[in-house]
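Here is a friendly note to read with the structure open beside you. Take the points one by one and find each piece as you go.

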Amino acid sequence: MAYVAVKGGEKAITNAHRWLAEDRRGDPAVPEIDVAQVREQLSLAIDRVMSEGSCYDRDLAALAVKQSRGDLPEAIFLTRAYRTTLARFGASLPVETGQMAVRRRVSAAFKDIPGGQVLGPTFDYTHRLLDFTLAADGETPIEGALQAEEAQAYPMATIASVFAHEDLLEADTRTPEAPEPFDLTRDPMAFPAGRDQRLQALARGDEGFLLSLAYSSQRGWGSTHPLCAEIRLGEVAVEFIPDELGFAIEIGEVTLTECQMISTGAGGVEKAPQFTRGYGLTFGHCERKAMSMAIVDRALRDGVAGEASAPVQDEEFVLYHSDNVEASGFVQHLKLPHYVDFQADLQLIRRLRREHAAREAAMKEAAE
Amino acid sequence: MSARPNQPERYYNYAYLDEQTKRMIRRAILKALAIPGYQVPFGSREMPVPYGWGTGGIQLTAAIIGPDDVYKCIDQGADDTTNAVSIRRFFAQVADVAVTEDTSAATIIQTRHRIPEQPLKAGQVLVFQVPQPEPLRGLEARETETRAMHAYEEYGLQYVSLYESVATYGRIASTVGYPTMVDERYLMSPSPIPKFDNPKMGDNEAILLFGAGREKRIYAVPPHTSVRSLDFEDYPFETQTWEEDCALCGAQDSYLDEVVLDDSGTRMFVCSDSHFCAERRAAGHVGPMADHQLAAPETEPA
């Protein structure tokens with residue numbers, strides 16, 4: 001007789017945690033991975049965790065990646081649950097991506113643009129062949145990249161400045177008296193969502209979800225005909241005005257990936273035809289995410305509340321379902337016991353079946 | 001339980017949340033109590049347990065708990081279910097509170113999917129973990145729409161849905177999360193408690209707080225407030241009943257869980273409320289399978 005166990009919560013949890021720790025460590029004969037190694041050698045994992053975890057700290061992100069055994073949504077969750085408890089002492093000034101120390105900048109709109117095309121460290125144009133020399137023991141020799149003969153322009157001209165003379169591209173709308181930006185970490189989602197709220201939600205949103213949404217748009221489900229006007233990767237200074245000083249000081253720098261997508265806008269009676277923009281910005285080097293974000297941002301501008309024709313244009317659909325910490329938790333909560341609910345369902349189904357059978361029998365009797 | 005100074009949780013503020021956040025949540029609670037059944041949006045935080053695992057309830061508890069509180073946590077009515085154990089441990093650790101399984105001894109009871117069988121009393125707070133605070137969500141996916149429906153008290157859609165159920169099944173086929181009307185104004189989801197528990201909500205002496213972390217909503221039923229389960233004159237509201245009694249304590253009026261004993265269809269029915277069942281057994285009540293190993297108390301490892 002097979003026995004179905006339902007008890008034993010306390011001991012089971014304690015022991016499961018021990019087992020998890022063992023599995024995290026793996027074979028003890030293999031040296032334990034160091035947080036610094038994760039930080040330096042799995043740097044794109046770190047970048048994703050910092051971006052979606054909304055916390056720029058490479059060491060914390062590396063610890064989260066190690067602790068989560070490389071499960072990035074789990075690492076993002078760890079980072080979020082930590083950052084939410086941190087005290088806030090103020091907000092930095094907006095960073096100026098126009099002043100970025102650029103490591104990579106490409107534009108698909110023009111063959112050449114002021115400042116040139118700078119490929120930088122990219123997987124693009126690599127052949128995706130497994131490099132078995134990396135699997136060999138010890139150090140792999142690295143041929144250093146060559147220095148450019150000419151110094152790179154600084155600041156690197158932005159795509160907006162290239163378009164500026166003809167008014168072909170819609171301008172950034174910046175109001176000096178703008179209110180404090182919406183903060184999703186402090187206020188719940190509200191609709192209709194302003195662009196600040198939308199961009200924050202997308203910046204924290206799951207890369208895979210946004211990638212698929214952007215892809216669906218490209219395939220005709222709410223197309224925006226996007227074109228990658230510019231991607232730039234590099235470091236920007238973070239400035240802060242402490243109350244005691246009253247003027248801005250530089251408190252550090254962060255690596256950012258920025259993407260400007262442009263779409264053809266038809267204009268209207270009052271407005272001349274113009275290219276419109278979608279915007280993507282991430283911590284670290286997250287190009288796939290930044291491009292997807294820019295496409296989704298642009299697509300959402302098309303969606304008038306309630307009249308969106310494609311999922312990517314539907315603000316409530318996109319913003320409510322983009323957060324992987326929320327989504328992962330809720331999907332996986334189905335592992336929690338539901339026997340009270342299930343008992344209620346069982347009861348109902350059995351009762352309905354009994355009633356159904358009684359009706360059938362009565363019908364049969366009446367027919368005979 | 002005494003403080004354990006070197007646990008990782010001790011690097012955080014008392015009861016995990018910072019004081020500003022607790023204040024924000026308390027303000028939301030006060031608003032919720034002032035407008036019974038109304039869903040108050042709040043700045044829900046990421047918690048160290050996943051969304052869907054009780055983050056709303058944990059935030060409510062964290063905002064109201066103090067060192068003198070006595071905390072009970074149940075899931076599916078039982079104190080020994082894994083998630084209840086995990087959350088109880090969390091508060092024992094971060095809030096240094098005494099924990100209990102005794103319903104009457106607790107000042108704060110956090111629950112998922114049940115209301116204890118034993119009636120609550122004044123001074124107690126029952127904190128519900130809520131996955132989906134919007135009772136109309138199954139009928140209307142858009143938050144912008146459902147908010148307007150609540151504002152206009154436009155609940156016709158809900159009644160149509162119940163009617164359709166009667167037309168299809170010959171009865172109102174809603175079993176858990178059965179819709180309720182609070183104070184004859186707001187339609188409220190009781191969280192996925194079985195409708196068996198719905199009648200316990202009305203005119204309760206305790207405070208009922210509902211927290212939905214992922215959906216970022218708090219709502220409440222203050223003591224002695226009317227909570228009416230929706231029905232029709234010719235199809236009145238009814239709760240679940242069992243032909244069986246509890247196999248361990250013989251109770252005839254408690255919500256029963258079905259335990260499958262083998263792979264040939266043998267089963268037993270036991271009280272879902274583990275403390276209620278244990279108390280009855282201690283008082284000498286005996287069910288037909290009283291010596292089953294499910295009745296053996298499990299002691300918490302030191």
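The numbered points below go through sheets, helices, the contact between chains and the core.

1. Please keep in mind that this is a predicted model. Begin with chain B, where an open sheet of seven strands follows the order β1-β9-β8-β5-β4-β2-β3, with mixed pairing. Its edge strands are β1 (40–41) and β3 (98–99) of chain B, and each of them pairs on one side only.

2. Now zoom in on one end of that order. Strand β2 (residues 70–75) of chain B runs parallel to β3(B), and two bridges join them. Look for Val70(B) opposite Ala98(B), and for Tyr71(B) with its bridge partner Val99(B). Is β2(B) mostly covered or mostly open? Five of the six residues of β2(B) are buried, so the answer is mostly covered.

3. Two helices of chain B lie across this sheet. Helix α1 (residues 19–34) lies across β1, β8 (207–212) and β9 (217–221) of chain B, and runs at about 45° to β9(B). Helix α3 (residues 82–94) of chain B lies across β2, β3 and β4 (108–112) of that chain, at about 160° to β2(B).

4. Ala34(B) is worth a stop. This residue belongs to helix α1 of chain B. Is Ala34(B) buried or exposed? With 11 other C-beta atoms within 10 Å, Ala34(B) is exposed, because a residue counts as exposed at 12 or fewer. Although Ala34(B) and Ala220(B) are 186 residues apart along the chain, their C-alpha atoms are separated by 8.6 Å.

5. Chain B also has an open sheet of three strands, in the order β7-β6-β10, with antiparallel pairing. At its edges stand β7 (186–188) and β10 (227–229) of chain B; each has a single partner strand, so one side of each lacks a neighbour in the sheet. On average, neighbouring strands here are turned by 35° against each other, direction ignored. Strand β6 (residues 180–182) of chain B is joined to β7(B) by three bridges, and the two run antiparallel. One pair to find is Val182(B) and its bridge partner in β7(B), Tyr186(B).

6. Next, see where the chains meet. The contact takes 51 residues from chain B and 45 residues from chain A. On the side of chain B that touches chain A, the elements giving two or more residues are α3, α4 (143–151) and β11 (256–260) of chain B. That side divides into 19 nonpolar, 16 polar and 16 charged residues.

7. In chain A, try helix α5 (residues 72–83). Its twelve residues should span 16 Å at 1.5 Å a residue, and the end C-alpha atoms are indeed 16 Å apart. Nine of the twelve residues of α5(A) are buried, so this helix is largely enclosed by the rest of the structure. Among the buried ones are Leu72(A), Ile76(A), Phe77(A) and Arg80(A). Their cover includes α3 (43–53), α4 (58–67) and α11 (324–332) of chain A.

8. Finally, which residues of the largest nonpolar core touch the most other members? Of its 123 residues, they are Val49(A), Val296(A), Ile29(B), Leu208(B), Leu209(B), Ala220(B) and Cys246(B). Helix α9 (residues 287–302) of chain A gives the largest share of this core, eight residues. Leaving aside neighbours within four places in sequence, the contacts of Cys246(B) include Leu256(B), Phe269(B), Cys271(B) and Cys277(B).

Note on methods
Residues are numbered from 1 along each chain as its sequence is written. Chains are lettered from A and ligands numbered from 1 in the order in which they are written. This is a predicted model: local features need pLDDT of at least 70, side-chain atom pairs count only at pLDDT 80 or more; totals for chains, interfaces and linings use all residues. Two strands pair if DSSP finds at least two bridges between them. Helices (H or I, at least four residues) and strands (E, at least two) are DSSP runs, numbered from the N terminus. Two residues are in contact if their C-beta atoms, placed from the backbone, lie within 7 Å. Axes are lines fitted to C-alpha atoms, for helices over the stretch in contact, and angles run from 0 to 180 degrees between N-to-C directions. Ala, Val, Leu, Ile, Met, Phe, Trp, Tyr, Cys and Pro count as nonpolar, Asp, Glu, Lys and Arg as charged, and the others, Gly among them, as polar. A nonpolar core is a set of buried Ala, Val, Leu, Ile, Met, Phe, Trp, Tyr and Cys residues joined through C-beta atoms within 7 Å. A residue is buried if 20 or more other C-beta atoms lie within 10 Å of its own, exposed if 12 or fewer, and partly exposed in between; C-beta atoms are placed from the backbone. The expected span of a helix is 1.5 Å times one less than its number of residues.
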